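Work through the exercises below with the structure open. Each task is followed by a solution in steps.

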Amino acid sequence: MLISLLQAIASGVVTGCAYALVALSLVMIYKSTDVINFGGGEMVMIGGYLAMFALLAIGLPYAGAFVFAAVVAFMVGAAFDRVVLDRMLGRALPGQSVLVAMVIATVGLSYVLKGLVRVVPYTEEVRRLAPLFAGDPVFLGPIILQRQDIAIVVIAVLLMRAWWAFFNFTLLGKALRATSQNPRAAALIGIPVRAMRMTIWGIAAIFAAMAGILLGPKLLMTPDMGSVVILAFAAAIVGGFHNLPGCILGGVVLGVVQNLVGLYISSRAIVLTPFVVIMLVLVLRPQGLFGGAVVTKKV
Amino acid sequence: MYGSPSYARLAPLLALVVIGIVLPPLVPQYFLSLGNTLMMYAILAVGLDLLLGWAGQFAFAHIAFYGVGVYGTVLLQSKLGIPFIPGVLIAAALAGLIAFLIAVAAIRLHSVYLALATFAFAESAQWVFNSWEGLTGGADGLRIAPPSVLGWTTGTDARAFPVIAIILALVIGATMYLTRSRLGRSLCAVRDSEHAAAVSGIDVFRTRIWAFVISGTYAGVAGGTFALFQSFVNPEAFGFSQIVLVLSMVVVGGLGTLPGPLIGAVLLGLLPEIMRTAMRGLFVWQELVYGLILILSMMFMPRGIWGLIAARGGRSK
Amino acid sequence: MLATLIRTLLLGAGAALALGALPVRAADPGVTDTEIVIGLHAPLSGPLAAFGIDPLNAAKMWYEEVNKKGGIHGRKIRLIVEDDKCNPNEAVLVVKRLATVHNVFMINGGSCTPAVIATQEFISREKIPFAMLNAAGDNGVFPPIRYMFGAFGGTQRADGAVLVEFAFNALKARRMAFIVHDDEYGNAKWATSKAVAERLGAEAVAVERISPRVTDVTTPMLNIRAARPDVIISAAYPQPAVLIAQKYGEFKMTAIPMVQAVQGIPVPDIFQKNVGNDAVFSNFYYGSPLNDMFNGPRQQKWVQMYKQYYPDRTPGAWMAFGLPPAMAVTRALEKAGRNLTREAFVEAMETLDFESEVFAGKIQFAKGRRDGMRSAIVIRFDGKKHTVMPGAYAWNGRDGM
């Protein structure tokens, strides 16, 4: 029984880190542009497929596939901001309707990406992306972990560190942060706000694509794998939508709670868990379990 | 603009009822079924717009209230023998009550947080519809016996069509009245600025709660109309794609206007039918085209189709 | 403003009226001296398109073959194809469109059970003969209704019964663990699995109902491991099925035989690659309603024919499932004679009893029986070789009803 519990917790931590990887991209976009990206899951999905095409069809090595997916993802994200969102921001829209319109546009993006992937080969059957870290599973006492799983945890933590360093210690990072905190003031001191926003979308898309490459071997690839975004939303909410490190903790809490529900309540309720978690956290502690006070943005 | 709607403005509603009565014998059932579907979507979209466009509350739970309306009407009829009219009223009231509870629970939440909390509620409701097998039939679905409306059994599309047309006319009429009332003005004030509204003496919380309740009730009524012309329901009808569909109807049509959601419901409701006809042999591209249409309409008509029409005509909404 | 809108709507209604009011009803729609019009529908776009495109193509191919040989009683078959996306509401519209706008004689369609059930009331009321395509159709054929024929590849009930029967007889399993989805597909599979296990006196030591959307199956597999079963029967879709098989390997449960329903392992070679652990296949079986592996020697005839008709497409695992429904339709049209009516056609369908050379068992209908086939085979897959297990397995039509 104890062994089952330990194994369930370990798997939950791993799966939670996977959710957190996706959540990173969402939070990044939300923090800097106020948009909830419902296309975030599909960005994960194309990341995985781009790597798969690069490996199978072009025959690139893994590193090449990684770069290929990152470059294409960056272009997709940046282009979506420049072509679609930028144009919408240009129009003065009353109240929240610009937010709603942008959400619909990201939903449109999710259909476009899914639709594009659906018509290319390799996507009718479920496929597994070749794992980056293959090999026999690792035993930690009675607990079994796949090498890829350990890699997911390590990479999630490293990315978070790198992200933090980038935004705190580099000029570009500071400019991006300024843009996201107060676009008007940023513009006044000469930061090219539009270019910054585009860059953030591009980087967020790269994060999503990397999540896709890491998750492709774990969750398997289908054109509909983007639905994982729901779990990422839950992770982000638990962590506090403004709080990046909170994301990872949020993901881990969610992954573990899901498995505890599966173990002690019912397998059927596993998929309900993220929704209940979202509602409970928002109603009882809207700033997230690990967030500070709720930040209301003044534009 | 404010005050009760004039009789001239009510004339189109009368026309809708007349069409509802005259049309059924003249056209094939497919068109009537499509018409019923569009009218149902129209009720859903108008209801969502009250919350989203008029009161400015970015909520995603609409489809759950619609589900309560469908299951409520059907189950009240099949399990307790309650006829359609009281049945749909009780079901809609139940949907309104649940909306009330959601509104109270989510009273502190705004924008993205409200959106995600209500989205989570909608997904949980779908899980309940799927798992409460004793009541809803679970994933196997529930067969719907033709309801009787004041002795008029609606089993077929032709017989349901006039009834749904009348319900839609009532709903539009009620909306015209509502949006011109004091509450309607309060909704707009809360949308434009909660602070300013509070300063001018509007009870913001109460207004927000009313917006949820009314919108939820509309969705419940829409659910009742589903039972009039469909013979089967399963939880798939209350999923994420439906949430997005109704939301798109409102936004593509035009937020915060009455013609907007009506136009949106008709156009987006027809879109799958049009695509199926126009894209013969290219069926697999439908998803892509649908996504492009959403993106392009937001790029070029962020205020929706009606917003564009109103701007061109120089008319106010 | 509203007046403009209503005026537009009125105009639209007028146009629709002009379009729709044209056809004049003959004795039975869709039949002329020279042709029979049949409506076909399946998911041709969206997530479930892979489940519909090939079977629909296969049915089309069969009808074209029949036309090439001169048609039926001097009439050629003309097809009208629609996309239902497996969505019940869209399926209802599609079927109404086929029946009341295109005035088809009968409908041959549907790859998903809920989409088919949603149309049932209309089919019954309008008395339109309906033969399902590759939908298992459980609740569409139980209880049977006169105009709706289906389950050509067997119901999920039949398939579930076969897997348990096999586990009991061939694997001598007495303590069974089940992992089954919580949708209508899972409900139907579980209904007979449970009943057959009870009749045979086997014990269900673990029953894990999981959502098709599940992303981590650790805990269901831990629960199963804790129950110490002597067989694991999995009725999961492809993605969860792979996750289950992976955990089964990871947790060193491979001494326990695993039986997977066909829906989760459409193409075994891809499944094996996805699992990525050959130890999983030391004790691995899968069921199939076909008479062979989907690309095995007995299926080659159909695979080759398909390649001729559709040279650009490699047929997926579900392709052949579209053939027997079309075969049944053309046979019944043949039987119903030159004097074709919908009622005569339904009566002819009712008397069908034939070997499709596609499925494991015969296609049989009768008065009060609308599910076409009840047999399945079980194949052992060791990671390299597929071996059809001896013995014929069929559901008795009573368990789990």
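**Exercise 1. A strand pair in chain C**

Find which residue of β5(C) is the bridge partner of C:Phe130. Then place the pair in its sheet.

Solution. The model is predicted.
- Step 1. Start at C:Phe130: its bridge partner in β5(C) is C:Met148.
- Step 2. Widen the view to the two strands. β4(C), residues 130–132, pairs with β5(C) through two bridges, in the parallel sense.
- Step 3. Add the other strands. The sheet is open and has five strands, ordered β2-β1-β3-β4-β5 in chain C, with parallel pairing.
- Step 4. Mark the edges. These are β2 (76–83) and β5 (148–149) of chain C, each with pairing on one side only.
- Step 5. Add the helix. α12 of chain C, residues 323–336, lies across β1 (35–42), β3 (106–109) and β4 of chain C. The angle between α12(C) and β4(C) is about 155°.

**Exercise 2. The two domains of chain C**

State where the domains of chain C lie in the sequence. Then describe how they meet.

Solution.
- Step 1. Take the bounds. Domain 1 of chain C covers 27–154 + 298–370, and domain 2 covers 156–288 + 377–394.
- Step 2. Take the spacing. The centres of the two domains of chain C, over C-alpha atoms, are 30 Å apart.
- Step 3. Count the contact. Domain 1 of chain C gives 10 residues and domain 2 of chain C gives 10 residues.
- Step 4. Sort by class. On the domain 1 side of this contact in chain C there are five nonpolar, four polar and one charged residues.

**Exercise 3. Helix packing within chain A**

Describe how α9(A) and α10(A) pack: what angle, and how far apart are the axes?

Solution.
- Step 1. Read the geometry. α9 of chain A (residues 229–239) packs on α10(A) at about 115°, and the axes are 7 Å apart.
- Step 2. Assign the hand. α9(A) and α10(A) make a right-handed crossing.
- Step 3. List contact residues. α9(A) contributes A:Leu231, A:Ala234, A:Ala235, A:Ala236, A:Ile237, A:Val238 and A:Gly239. From α10(A) come A:Gly246, A:Cys247, A:Leu249, A:Gly250, A:Gly251, A:Val253 and A:Leu254.
- Step 4. Sort them. The contact of α9(A) with α10(A) has 10 nonpolar, four polar and no charged residues.

**Exercise 4. Helix packing between chains A and B**

Is the crossing of α3(A) and α13(B) left-handed or right-handed? Give the contact residues too.

Solution.
- Step 1. Locate the pair. α3 of chain A spans residues 62–90, and α13 of chain B spans residues 286–300. Their axes come within 8 Å and cross at roughly 35°.
- Step 2. Assign the hand. The crossing of α3(A) and α13(B) is left-handed.
- Step 3. Name the contacts. They are A:Val84, A:Arg87 and A:Met88 of α3(A), with B:Ile295, B:Met298 and B:Met299 of α13(B).
- Step 4. Sort them. The contact of α3(A) with α13(B) has five nonpolar, no polar and one charged residues.

**Exercise 5. Two interfaces of chain A**

Describe the contacts of chain A with chain B and with chain C.

Solution.
- Step 1. Take A with B. The contact involves 39 residues of chain B and 38 residues of chain A.
- Step 2. Find the elements on the chain B side. Those giving two or more residues are α5 (111–131), α8 (182–192), α11 (240–253) and α13 of chain B. α5(B) gives the most, 12 residues.
- Step 3. Sort the chain B side. There are 27 nonpolar, six polar and six charged residues.
- Step 4. Take A with C. Here 27 residues of chain A touch 28 residues of chain C.
- Step 5. Find the elements on the chain A side. α1 (2–33) and α10 (244–264) of chain A each give two or more residues. The largest share, five residues, is from α1(A).
- Step 6. Sort the chain A side facing chain C. There are 11 nonpolar, 10 polar and six charged residues.

**Exercise 6. Chain by chain**

Check the compactness of each chain from its radius of gyration.

Solution.
- Step 1. Chain A has 11 helices and two strands. Its radius of gyration is 19 Å, close to the 19 Å the globule rule gives for 299 residues, so chain A is as compact as a globular protein of that length.
- Step 2. Chain B has 14 helices and four strands. Its radius of gyration is 19 Å, close to the rule's 20 Å for 317 residues, so chain B is also as compact as a globular protein of that length.
- Step 3. Chain C has 13 helices and 15 strands. A compact globule of 401 residues would have a radius of gyration near 21 Å, and the 23 Å of chain C agrees.

Terms used: Residues are numbered from 1 along each chain as its sequence is written. Chains are lettered from A and ligands numbered from 1 in the order in which they are written. This is a predicted model: local features need pLDDT of at least 70, side-chain atom pairs count only at pLDDT 80 or more; totals for chains, interfaces and linings use all residues. Two residues are in contact if their C-beta atoms, placed from the backbone, lie within 7 Å. Ala, Val, Leu, Ile, Met, Phe, Trp, Tyr, Cys and Pro count as nonpolar, Asp, Glu, Lys and Arg as charged, and the others, Gly among them, as polar. Two strands pair if DSSP finds at least two bridges between them. Axes are lines fitted to C-alpha atoms, for helices over the stretch in contact, and angles run from 0 to 180 degrees between N-to-C directions. A crossing is left-handed if the near helix is turned anticlockwise from the far one by less than a right angle, and right-handed if clockwise. Domain bounds come from an automatic or database domain assignment. The radius of gyration is taken over C-alpha atoms; the globule rule is 2.2 Å times the number of residues to the power 0.38.
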